[in-house]
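Please open the structure in your viewer and keep the selection tool at hand. The tour below proceeds stop by stop, stating what to select and what is found there.

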Amino acid sequence: MAAAVTAAVSFPSSKSSTLPTRTSLICPERITLKKVYREASASGRVVSVRAQVTTTEAAPPAKAVKHSKKQEEGVVVNKYKPKNPYTGRVLLNTKITGDDAPGETWHMVFSTDGEVPYREGQSIGVIPDGIDPKNGKPHKLRLYSIASSALGDFGDSKTVSLCVKRLVYTNEAGETVKGVCSNFLCDLKPGSEVTMTGPVGKEMLMPKDPNATIIMLATGTGIAPFRSFLWKMFFEKHEDYKFEGLAWLFLGVPTSSSLLYKEEFEKMKEKAPDNFRLDFAVSREQTNEKGEKMYIQTRMAQYAEELWELLKKDNTYIYMCGLKGMEKGIDDIMVSLAAKDGIDWLDYKKQLKKAEQWNVEVY
């Protein structure tokens, strides 16, 4: 808000001479004022000051528009909610881990008829059938990262795919406990109905820049969003997107029989050797030169200096999905490397987050 002030000052004398003076200024406050001040000077002259202030309302400053580096344009969020979910059907449900793997992981495809318009990196909610015995109410939804590109596994934009590990464990009382939603999903047969919500999330959306370096860190079923990325990059053709950067995937699993989508990724590597790098970390079967188990951070440590150099570029994006503890392992690698360059890693990571270059979805 601004006020324009105009003041006229006159000094009457015996000759009634007048010396008008005008000035304009901008005042940050809204003022309405009309007064006359009279003072007698030592010489007996009277000074008369008349001021009139009028104000005008200035338009409020425009809000800064955030320009995201990610593919956010037209992204749909929460089209379907628990009170008005979407009902799809199971088209495919198959186990993708070996019989000797520590746990089962299933890949499933649901029909959407194009009514659930998701993007790579988003998630959907699933409401399992049945009643929660603890409160007598329907089960609450569980969120799952989408494992297919926006076109879907069949390329017609009418399906959505998930990658789900069956949760089974023994509690402190020695009882076998089964995860409600994971077991519901893994047991679904083709033709069964499945109740979905969403899509949700913008944290894991892909960068707009087709020349970006995209480093993907996954453990287990955390591979889901990266499968969606990689299908778009290397298995599909788009008029408005052709990936020509570097995609580097690190996937950590306990055994080679639990490597998810291994054949797909190897085909991508053959198809685009200059644009796709692939590194597995199999903790129960591989060790590093020190004899330490090969976790994802152990594998990354072998490329630590190269990764740090990439992270100093403004077109490098880190995406992390999987077990919560993995981020600390990455921090441990980067702290000393950053320090060599006089950089505080944790502060630098905050800058990366602000610039949308550090994206994490862990559980």
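**First stop: Asn-93**

Select Asn-93 together with Cys-186: the backbone oxygen of Cys-186 lies 3.5 Å from a polar atom of the Asn-93 side chain. Please note that the model is predicted. Now add Leu-188, whose backbone oxygen lies 3.0 Å from a polar atom of the side chain of Asn-93. Asn-93 itself belongs to strand 5, which covers residues 86-95. Is Asn-93 buried or exposed? Its relative accessibility is 13%, and because buried means under 20%, Asn-93 counts as buried. To display its surroundings, select Trp-106, His-107, Met-108, Leu-185, Cys-186, Asp-187 and Leu-188; these are the contacts of Asn-93 once neighbours within four places in sequence are left aside.

**Second stop: Ala-218**

Move next to Ala-218, which is located in strand 15. With a relative accessibility of 0%, Ala-218 counts as buried. Leaving out residues up to four places away in sequence, Ala-218 touches Ile-223, Phe-226, Phe-250, Leu-251, Gly-252, Ile-296, Cys-321 and Met-326. Select Val-253 as well: Ala-218 and Val-253 are 35 residues apart in sequence, and their C-alpha atoms are 8.8 Å apart in space.

**Third stop: the nonpolar cores**

Which residues have the most contacts inside the largest nonpolar core? They are Ile-223, Phe-226, Leu-230 and Met-233, in a core of 35 residues. At least two residues of this core come from each of strand 15 (213-219), helix 2, strand 16 (246-253), helix 3, strand 17 (276-282) and strand 18 (316-322). Helix 2 contributes the most, with seven residues. Select Met-233 for a detailed view: apart from neighbours within four places in sequence, Met-233 is in contact with Met-206, Ile-214, Tyr-241, Phe-243 and Ala-247. Another core, of 23 residues, lies apart from the largest one; among its members are Leu-307, Ile-330, Ala-338 and Leu-352.

**Final stop: helix 2 and helix 3**

Two packed helices are described by the distance between their axes and the angle between those axes. Select residues 224-235, which form helix 2, and residues 262-271, which form helix 3; their axes come within 11 Å and cross at roughly 35°. This crossing of helix 2 and helix 3 is left-handed. Then display the side chains on each side of the contact: Arg-227, Leu-230, Trp-231, Phe-234 and Phe-235 in helix 2 meet Glu-264, Phe-265, Lys-267, Met-268 and Lys-271 in helix 3. Coloured by type, the residues of this contact divide into six nonpolar and four charged, with no polar ones.

Key: Residues are numbered from 1 along each chain as its sequence is written. This is a predicted model: local features need pLDDT of at least 70, side-chain atom pairs count only at pLDDT 80 or more; totals for chains, interfaces and linings use all residues. Side-chain values use heavy atoms; hydrogens and water are left out. Axes are lines fitted to C-alpha atoms, for helices over the stretch in contact, and angles run from 0 to 180 degrees between N-to-C directions. Helices (H or I, at least four residues) and strands (E, at least two) are DSSP runs, numbered from the N terminus. A crossing is left-handed if the near helix is turned anticlockwise from the far one by less than a right angle, and right-handed if clockwise. Contact means heavy atoms within 4.5 Å. Ala, Val, Leu, Ile, Met, Phe, Trp, Tyr, Cys and Pro count as nonpolar, Asp, Glu, Lys and Arg as charged, and the others, Gly among them, as polar. Buried means under 20% relative accessible area, exposed over 50%, partly exposed in between (1.4 Å probe, protein chains only). A polar contact is a pair of N or O atoms within 3.5 Å; within protein, one must be able to donate a hydrogen and the other to accept it, and residues adjacent in sequence count only if both atoms are side-chain atoms. A nonpolar core is a set of buried Ala, Val, Leu, Ile, Met, Phe, Trp, Tyr and Cys residues joined through side-chain atoms within 4.5 Å.
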